[in-house]
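User: Got a minute to go through a structure with me? I'd like to talk about one helix and a metal site.

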Amino acid sequence: MLYFSHPACLLHDPGEGLPGHPERPERLVAIEAALEERDWLGWERREAPRASEEELMLVHPREHVDAIRGLCESGGGAIDVDTYAGEASWEAALRSAGAACAMARALVAGEAKVGFSAGRPPGHHAEPSRAMGFCLFDNVAVAAALAIAELGVDRVFIFDWDVHHGNGTAAIFRERADVLFASIHQGGIFPGTGHRDDTGSGPGEGYTINLPVPASSEEGEWMELLESEVLPAANRFEPQLVLISAGFDAHREDPLAECRLETASFARMAAAVRAAADGWGAPVGAVLEGGYSLPALAESTVATMSALAAEDAPCPS
Ligand SMILES: [Zn+2]
């Protein structure tokens with residue numbers, strides 16, 4: 001089990017320009033304190049390398065990479081009402097994407113069966129040419145694209161359980177049949193995309209699965225969708241690498257949304273994914289996205305990592 005992060009990820013601080021911003025460095029501090037208390041659950045920790053600009057350009061055009069670098073170099077500023085990049089955000093963004101890439105490399109090389117990439121800023125809202133929703137570059141998408149472009153992987157399954165639709169990842173892969181993207185998210189909230197009838201387009205038709213759920217939906221509804229729709233589709237797809245866009249803002253204590261998952265719900269989803277992935281012979285890597293209640297975020301991350309690592313992932317009820 002491999003855990004990837006980097007101290008530079010603590011230096012990205014949207015609160016510099018957008019006071020009171022929920023995507024704050026303390027998120028990662030809380031996660032790592034909870035892991036430290038538990039001896040890191042026996043996971044090996046690795047320092048994330050920087051993603052190269054070439055890696056970022058697997059999913060973002062050069063103009064976007066240049067624009068973010070330029071903004072950071074000039075001292076930074078708000079990109080929109082939610083999204084901020086400061087001087088330290090460039091290094092943080094490279095390490096955050098680099099953590100996901102290093103995890104993908106290690107998993108594909110067979111160094112571990114499961115990984116966790118704990119980077120900030122998060123990524124799944126970043127569209128090819130647009131930073132948004134706290135995200136500058138789409139970390140999980142860069143890792144998936146890298147696996148296909150450079151690591152000999154033919155099919156990557158991305159399961160996005162963040163409470164918000166992963167519009168960036170969906171946009172990046174919507175016309176591709178080599179990445180199956182499935183998202184369960186609260187409908188009617190930011191970013192407003194992810195309707196059930198959006199199933200991808202062109203050659204990617206059928207390789208996007210959007211499952212919006214209502215506010216106040218609970219674990220039973222999420223597990224039902226995972227077991228009756230997401231995993232059967234992934235089963236047909238036979239992925240060689242599984243990536244989870246692991247946001248923890250569907251937790252009932254999260255201040256940004258209204259779903260009602262419990263800490264143990266994330267363990268159950270992780271266990272179900274791990275059990276399925278074992279059947280495909282595919283490693284599983286989780287990439288941190290949202291989660292804004294510090295205790296819920298930290299405990300849910302621990303629960304997820306524990307479940308991913310369980311020797312025999314229990315069948316969910
Ligand atoms: Zn989110």
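Analyst: Sure, we'll take the metal site and then the helix. This is a predicted model, where local features need pLDDT of at least 70, side-chain atom pairs count only at pLDDT 80 or more, and totals for chains, interfaces and linings use all residues. Residues are numbered from 1 along each chain as its sequence is written, and side-chain values use heavy atoms, with hydrogens and water left out.

User: What coordinates the zinc ion?

Analyst: Asp162 through two OD entries, His164 through ND1 and Asp249 through OD, at 2.0 to 2.7 Å. Donors here are N, O and S atoms within 2.8 Å of the metal (3.2 Å for Na, K and Ca); water is not among the atoms, so sites may look incomplete.

User: How are the donor residues spaced in sequence?

Analyst: As D-x1-H-x84-D. His164 sits in the loop between β6 (156–160) and α6 (167–173), and Asp249 in the loop between β9 (241–246) and α8 (263–280), so the pair ties together parts 85 residues apart in sequence.

User: Is Asp249 buried or exposed?

Analyst: Buried, at a relative accessible area of 0%. His164 is buried too, at 8%. Buried means under 20% relative accessible area, exposed over 50%, partly exposed in between (1.4 Å probe, protein chains only).

User: Switching to α1, which residues are buried there?

Analyst: Arg27, Leu28, Ala30, Ile31, Ala34 and Leu35. Down the axis of α1 they fall within an arc of 160°, so they line one face of the helix. That arc is taken from the directions from the helix axis to the C-beta atoms.

User: And what comes just after α1?

Analyst: Asp39, with a positive phi of about 55°.

How values were computed:
Helices (H or I, at least four residues) and strands (E, at least two) are DSSP runs, numbered from the N terminus.
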